[in-house]
Amino acid sequence: MNSSFQVFTRRVRSDLKFQYRALRMAVDWVIAIYFVIPLLIVAGYHYYAWYMTPPAWLSGISIHTVATLFYILTWLGTLRYFVEEGDQLFLRQNERWFRHLSHLGYRYSVVLQGVTSLLATLLFLPLLVPVYSFSIAQVVCFWLVTYVVKLNIGLIRQLLALRFQRFLLWILRIVIFAIGVFVFQWLVVEIRDQLVYSWLVILILIGTFLLLTRTRLREKGTFFADVARERDARMRIVSLMLIRVMERKRKPTRRYPLLFSRSQRLLKGKGAGTGIAELLVKSYFRNGLQWRQSIQFVVVISGALFLLPGAIKILVWIVAAILLVFWRKSFCKDELTAPFLSLFPIKDPMKHQAIQTAIPILVLPAMMVISLVTGISLHTWWGPVVMMGATVPLTYGTSSVFTSWY
């Protein structure tokens, strides 16, 4: 290689070829001919038909729902620098080449984020133009807002990951996500009502992006973090396809767990079923990943409840209970495959009994919060009381129905 630009172009071509081969693993010519192509034709026909004459049900989708979906889009993807682990042996010795390669990769990612944001905006044109009556200027403004917010959030997440770790980083991400949802919804509403203010906000966001870019590119000691991020971005498609076939590695647990550190008894009764149920309950509440994901699930469902109409709220409330039961059941069945349990002659009926006992306990805390939010979102004094009172019957009812088989 005679220049850093040639190194960059070679890595971009290599990445594109790798992603293409990964897609070919999932979509061969049979699937493309009999499924993908017909699906694209049908989707294209409906896209044109809905744009020309939108169906009545599209008007039931509020602009806040669309704003929430686009805000979730801003959290997808990452800004890449196309650095590799082997660069520390050769390319790092030439600081000018390495810096130029990183800057080229960063600029390429910035442009790519703009393309993905534009494609998402074009996909929602049947909603934005015929239903919400957006003009061309408003559509362009909507795309630019999504684009610059995506860039700012990507840089903020990278800077936070470089400065904080583990629990504090997780808390900061949740806070930023929760605040950003309402801010982004306000921006989208302003695009429809006050377009001039929206252009001003875009200019401000561009300024913050330039400031964050300067800060990020001047960070020191980020090589290994950039390598790990590049590896994750490169393997994203492959990891999605292999998620169901790869064996999950168990992370080491805390030596002194935060909850149930003294292993006190939780359930009354004797027998193997009760003992295994206690094991499942303690394993779940000692698993930081599980309750962090549960908090994220509760936050997302709670936010959706405030955006949906009244009748849909109850349906989402019931669906949330069903999803939690299946989630906890999957966790429990995975825990029952632990190597040390295979040392004991535990029969399937005992495992089934343990799952039926443990799952309502695991589902109830999250459902209590979701029920409270559902009641508050009904905007009545009796809403929280009724929904909280119905939580226990719903939890035990869904658990009984969906754990009736092992």
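Aspartate 226 and arginine 229 are both buried in this predicted model. Their side chains meet in a salt bridge, with 2.7 Å from N to O. Because the two residues are three apart in helix H9, about one helical turn separates them.

Aspartate 226 has a second partner, arginine 216, and the closest N and O atoms of that salt bridge are 2.5 Å apart. Arginine 216 belongs to helix H8 (residues 195–217) and aspartate 226 to helix H9, so this pair ties together parts that are 10 residues apart in sequence. Arginine 216 is buried, as is aspartate 226.

Another salt bridge joins the side chains of arginine 80 and glutamate 230, at 2.6 Å from N to O. Arginine 80 sits in the loop between H3 and H4, while glutamate 230 is part of helix H9 (residues 223–234), so the contact ties together parts that are 150 residues apart in sequence. Both of these residues are buried. Through shared partners, salt bridges also link Asp15, Arg80 and Glu230 into one network. The count of salt bridges in the model is six; the table gives some of them.

| Salt bridge | N to O distance |
|---|---|
| Arginine 80 and glutamate 230 | 2.6 Å |
| Arginine 216 and aspartate 226 | 2.5 Å |
| Aspartate 226 and arginine 229 | 2.7 Å |

The loop that holds arginine 80 also holds phenylalanine 82, between helix H3 (63–74) and H4. Phenylalanine 82 has a positive phi of about 55°, although it is not a glycine. Most residues other than glycine have a negative phi. Serine 133 likewise has a positive phi, near 60°, without being a glycine. Its place is the loop between helix H5 (125–128) and helix H6 (136–163).

Are these two residues buried or exposed? Phenylalanine 82 has a relative accessibility of 2%, so it counts as buried. For serine 133 the value is 54%, and therefore serine 133 counts as exposed.

The next topic is the nonpolar interior. The largest nonpolar core has 32 residues, and those touching the most other members are Leu280, Ile301, Leu324, Cys332, Met367 and Ile370. At least two residues of this core come from each of helix H11 (272–285), helix H12 (288–305), helix H13 (310–335), helix H14 (348–377) and helix H16 (391–402). H14 supplies the largest share, 10 residues.

Two patches on the surface remain to be described. One of them is nonpolar and is formed by Val111, Leu112, Val115, Leu118, Leu119 and Leu122, which together have about 500 Å² of accessible area. Valine 115, a member of this patch, lies in helix H4 (residues 95–123). Why can valine 115 belong to a surface patch? Patch residues need over 30% relative accessible area; valine 115 has 40%, so it passes this cut-off while being partly exposed.

The other patch carries positive charge and gathers Arg10, Arg13, Lys17 and Arg21 on the surface. Arginine 10 is placed in helix H1 (residues 4–26). With a relative accessible area of 52%, arginine 10 is exposed.

Conventions:
Residues numbered from 1 in each chain as written. Predicted model: local features only at pLDDT ≥ 70, side-chain atom pairs only at ≥ 80, totals over all residues. Heavy atoms only, no water. Patch = residues over 30% accessible without salt bridge, like charges linked within 9 Å, V, L, I, M, F, W, Y side chains within 5 Å. Areas by Shrake-Rupley, 256 points an atom, 1.4 Å probe, with all protein chains shown as cover. Salt bridge = Lys/Arg side-chain N within 4 Å of Asp/Glu carboxyl O. Lys, Arg positive; Asp, Glu negative; His and termini not counted. Charge placed at Lys NZ, Arg CZ, Asp CG, Glu CD. Helix = DSSP H or I, 4+ residues; strand = E, 2+ residues; numbered from the N terminus. Buried < 20%, exposed > 50% of the residue type's maximum accessible area, 1.4 Å probe, protein only. Core = buried A, V, L, I, M, F, W, Y, C linked by side-chain atoms within 4.5 Å.
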